[in-house]
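Work through the exercises below with the sequence and the coordinates at hand. Each task is followed by a solution in steps.

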Amino acid sequence: QLQACGGGSVQAGGSLRLSCAASGRASSSYTTGWFRQGPGKEREFVAAIRWRGGTPYYANSVKGRFTISRDNAKNTVYLQMNSLKPEDTAVYYCAAGGSSRSPWEYDYDYWGQGTQVTVSS
């Protein structure tokens, strides 16, 4: 119900755009968010956006570099990642849930399979 794609390998300073296509019940969720899990780290919040609009919400670590956006007609949420750093290396997951732009995993009911992003120095 959530299909994430767009990961890959890039050098520091480069850019990638992730996509998350929602279908079924996930597409009617209130909020879609991106989380990531780096090597040896716990999964952490990255960004979230409501399907009906409003101000997105970002983790401090990505604010100013990442942009989350949505295309309601395609039921797809994007994460544009610029000025990538080696510490951005992680598996990125998209998630959908009913709470407004929540940074907490437990507020999300649906999860995609994850897409690997590797940033080399």
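**Exercise 1. Phenylalanine 66**

Phenylalanine 66 has a relative accessible area of 2%, so it is buried. This residue belongs to a predicted model, and the tasks that follow treat the same model.

Task: locate phenylalanine 66 in the chain, and give its C-alpha separation from serine 102.

Solution.
- Step 1. Phenylalanine 66 is part of strand 7.
- Step 2. Along the sequence, 36 residues separate phenylalanine 66 from serine 102.
- Step 3. In space, their C-alpha atoms are 17 Å apart.

**Exercise 2. Confidence**

Task: state the mean pLDDT of the protein chain, and find the elements with the lowest and the highest mean.

Solution.
- Step 1. The average pLDDT over the protein chain is 93.
- Step 2. A score of at least 70 is reached by 100% of the residues.
- Step 3. Among the elements, the lowest mean pLDDT, 92, belongs to strand 1 (residues 2–5).
- Step 4. The highest mean, 98, belongs to strand 11 (residues 115–120).

**Exercise 3. Aromatic pairs**

Task: count the aromatic pairs, then classify the pair of phenylalanine 35 and phenylalanine 45 by its geometry.

Solution.
- Step 1. A pair of aromatic rings is described by the distance of the centres and the angle of the planes.
- Step 2. With centres within 6.5 Å as the condition for pairing, the count is 6 aromatic pairs.
- Step 3. For phenylalanine 35 and phenylalanine 45, the ring centres lie 5.6 Å apart and the planes meet at 75°. Planes over 60 degrees apart count as edge-to-face, so this pair is edge-to-face.
- Step 4. The two residues are 10 residues apart and the pair links distant parts of the chain: phenylalanine 35 is in strand 4 (residues 31–37), and phenylalanine 45 is in strand 5 (residues 44–50).
- Step 5. Both phenylalanine 35 and phenylalanine 45 are buried.
- Step 6. One aromatic cluster is formed by Phe35, Phe45, Tyr57, Tyr108 and Trp111.

**Exercise 4. Arginine 43**

Task: over which rings does the charged end of arginine 43 sit?

Solution.
- Step 1. One ring is that of tyrosine 93, whose centre is 4.9 Å from the charged end of arginine 43.
- Step 2. Another is the ring of tryptophan 111, with its centre 4.1 Å from the charged end of arginine 43.
- Step 3. Tryptophan 111 is also a member of the aromatic cluster of Exercise 3.

**Exercise 5. The cavity and alanine 90**

Task: report the number of cavities of 30 Å³ or more, describe the lining of the largest cavity, and place alanine 90.

Solution.
- Step 1. There is 1 cavity of 30 Å³ or more.
- Step 2. The largest cavity holds about 50 Å³ of space.
- Step 3. Its lining consists of Arg36, Gln37, Gly38, Lys41, Glu42, Glu44, Glu87, Thr89 and Ala90.
- Step 4. By class, this lining comprises 1 nonpolar, 3 polar and 5 charged residues.
- Step 5. Alanine 90 lies in strand 9. Its relative accessibility is 2%, so alanine 90 counts as buried.
- Step 6. Alanine 90 and proline 39 have C-alpha atoms 6.6 Å apart, with their positions 51 residues apart in sequence.

**Exercise 6. Positive phi**

Task: asparagine 75 and serine 83 each have a positive phi; give the loop and the exposure class of asparagine 75 and of serine 83.

Solution.
- Step 1. The phi of asparagine 75 is about 50°, although the residue is not a glycine.
- Step 2. Asparagine 75 sits in the loop between strand 7 (66–71) and strand 8 (76–81). Its relative accessibility is 28%, so asparagine 75 is partly exposed.
- Step 3. Serine 83, again not a glycine, has a phi of about 50°.
- Step 4. The loop of serine 83 runs between strand 8 and strand 9 (90–97). Its relative accessibility is 41%, so serine 83 is partly exposed.

**Exercise 7. Glutamine 11 and glutamine 80**

Task: is glutamine 11 buried or exposed, and how far apart in space are the C-alpha atoms of glutamine 11 and serine 120? Place glutamine 80 as well.

Solution.
- Step 1. Glutamine 11 lies in strand 2 (residues 8–11). Its relative accessibility is 58%, so glutamine 11 counts as exposed.
- Step 2. Glutamine 11 and serine 120 are 109 residues apart in sequence, and their C-alpha atoms are 4.8 Å apart.
- Step 3. Glutamine 80 lies in strand 8 and is partly exposed, at a relative accessible area of 26%.
- Step 4. The C-alpha atoms of glutamine 80 and arginine 25 are separated by 25 Å, at 55 residues along the chain.

How values were computed:
Residues are numbered from 1 along each chain as its sequence is written. This is a predicted model: local features need pLDDT of at least 70, side-chain atom pairs count only at pLDDT 80 or more; totals for chains, interfaces and linings use all residues. Side-chain values use heavy atoms; hydrogens and water are left out. Rings of Phe, Tyr and Trp (its six-membered ring) pair if their centres lie within 6.5 Å; planes under 30 degrees apart count as stacked, over 60 as edge-to-face and the rest as tilted. Helices (H or I, at least four residues) and strands (E, at least two) are DSSP runs, numbered from the N terminus. Buried means under 20% relative accessible area, exposed over 50%, partly exposed in between (1.4 Å probe, protein chains only). A charge sits over a ring if NZ of Lys or CZ of Arg is within 6 Å of the ring centre and within 35 degrees of the ring normal. On a 1 Å grid over the protein atoms alone, a cavity is a set of points where a 1.4 Å probe fits but cannot get out, and a pocket is an open set with protein on both sides within 12 Å along at least five of seven lines; lining residues have an atom within 4 Å of a point. Grid points are joined across faces, edges and corners, and a volume is the space filled by probe spheres set on the points. Ala, Val, Leu, Ile, Met, Phe, Trp, Tyr, Cys and Pro count as nonpolar, Asp, Glu, Lys and Arg as charged, and the others, Gly among them, as polar. pLDDT is the predictor's confidence in each residue, from 0 to 100.
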